[in-house]
Amino acid sequence: MCRQTNVTLSSFLVLRLCFSLFLLVVDCFLDSVTSCGHLTFSCSCYALCIYKGIKLFRQLHLNSRSQISKSKMSSFASKESKNPLLSSWATVDHELPPFSLIKPQHYKDAISIGFSQHLSEVKAIAEEFDEPTFENTIARFDQAGGALTRVLNVFHNMCSSNTCDELQAVEMDMAGPLAEHETVVITFPGVFPRVASIHASRHTLQLTPEQLRLTERIHLDFIRAGAEFSPESQARYKQIVMRLAELMTQFAQNVLADEAGFTLELNAQQLGGLPADLVAGAKQAAAERHLPLNSYAISLSRSLVCQCSCSDERTR
């Protein structure tokens with residue numbers, strides 16, 4: 001943080017110095033022109049020079065932001081080399097996540113870095129110098145957070161299909177921060193006014209049907225997430241969604257625990273009408289649970305429950 005602050009301050013000082021020198025040169029030039037009596041020409045030159053100066057100042061500002069972004073990325077690189085969720089998956093078959101290398105402790109760091117990158121991208125939208133357009137606002141907002149989305153896709157799928165106690169602990173710890181991050185993005189100062197501006201003039205911008213739909217969808221998401229709330233209401237809303245996220249995660253884990261803990265023991269005479277693959281699975285499940293020989297076990301797995309609807313026992 002200290003290094004990033006130093007980079008920001010030094011960049012700001014360089015910008016001020018360059019702009020001050022530029023204005024000094026302009027003043028000297030205009031003094032010489034005015035002394036020759038060309039007042040109208042000097043005013044035109046002054047306006048032109050100010051315009052050029054603003055463009056130069058903006059370019060220097062963008063360059064400084066780029067340098068800061070590169071310094072952030074370099075700090076992320078060391079963590080990426082150790083965290084399989086942040087490294088490139090191009091060398092993996094079909095570019096799938098390297099599941100064998102991913103451990104529960106990797107998720108927190110990857111999600112936290114994803115938060116930082118996402119907020120940096122949203123901040124760049126809010127600080128955009130040009131007038132709001134579909135490309136520099138709606139499209140960029142839609143594409144922002146790609147690294148975070150990639151991590152969360154793996155995280156949520158693993159939590160729902162192949163979880164463990166350690167992963168559930170991470171899921172519980174991150175429920176609140178994930179909800180908070182979504183609220184912070186939606187209420188980030190300067191973003192919603194740009195989105196609202198494009199939404200208000202969407203029918204005059206010659207957008208494609210897909211672009212029009214995306215504009216309306218993103219604007220609606222902002223409205224539903226409290227973008228038009230007062231600061232006090234936004235703070236209260238953030239508290240509510242964070243608490244709801246924690247409760248919903250706890251409820252889902254409780255349901256999963258109940259499903260995993262329940263077993264219906266059957267014998268061979270009670271398997272009439274069931275598919276062969278289900279019978280084989282029930283036999284394997286009984287062996288894993290150390291049930292008596294020739295026993296079959298049915299759990300509350302949704303796929304098993306659906307197949308059990310064709311059992312002869314169900315019609316009796």
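This report looks at a histidine, the cysteines, the aromatic pairs and two charge-over-ring contacts. Keep in mind that the model is predicted.

Let's begin with H106. You'll find H106 in helix α3, which covers residues 104–126. With a relative accessibility of 15%, H106 counts as buried, because the cut-off for that label is under 20%. Setting aside residues up to four places away in sequence, H106 touches K82, N83, P84, L85 and L101.

Right next in the numbering is Y107, and here the aromatic story starts. The structure holds four aromatic pairs. Y107 and F155 make up one of them, a tilted pair with 5.1 Å from centre to centre and 50° between the planes. That pair ties together distant parts of the chain, since Y107 belongs to helix α3 and F155 to helix α5 (residues 146–161), 48 residues apart. Y107 and F155 are both buried.

Then there is F229 with Y237. Their ring planes stand at 80° with the centres 5.9 Å apart, so this pair is edge-to-face; the cut-off for that label is over 60 degrees. F229 is partly exposed at 40% relative accessible area, and Y237 is also partly exposed, at 24%.

Here are the two pairs side by side:

| Pair | Centre to centre | Angle between planes | Arrangement |
|---|---|---|---|
| Y107 and F155 | 5.1 Å | 50° | tilted |
| F229 and Y237 | 5.9 Å | 80° | edge-to-face |

Beyond these, F141, F192 and F222 form one aromatic cluster.

Rings also turn up with charged partners. The charged end of R150 sits over the ring of W89, at 3.8 Å from the ring centre. K283 does something along those lines with Y296, lying over the face of that ring at 5.3 Å from its centre.

Now for the cysteines. How many disulfides does the structure hold? Zero. As a reminder, a disulfide is a covalent bond between the sulfur atoms of two cysteines. Why do C159 and C164 not make one? The closest cysteine sulfur to that of C159 is in C164, and at 8.7 Å it is too far for a bond. The cut-off is within 2.5 Å. Looking from the other side, C164 has its closest cysteine sulfur in C159, again at 8.7 Å and too far for a bond. Their surroundings are worth a glance too: C159 is buried, with a relative accessible area of 6%, whereas C164 is partly exposed at 30%.

How values were computed. Residues numbered from 1 in each chain as written. Predicted model: local features only at pLDDT ≥ 70, side-chain atom pairs only at ≥ 80, totals over all residues. Heavy atoms only, no water. Helix = DSSP H or I, 4+ residues; strand = E, 2+ residues; numbered from the N terminus. Buried < 20%, exposed > 50% of the residue type's maximum accessible area, 1.4 Å probe, protein only. Contact = heavy atoms within 4.5 Å. Phe/Tyr/Trp six-rings, centres within 6.5 Å; stacked < 30°, edge-to-face > 60°. Lys NZ or Arg CZ within 6 Å of the ring centre and 35° of its normal.
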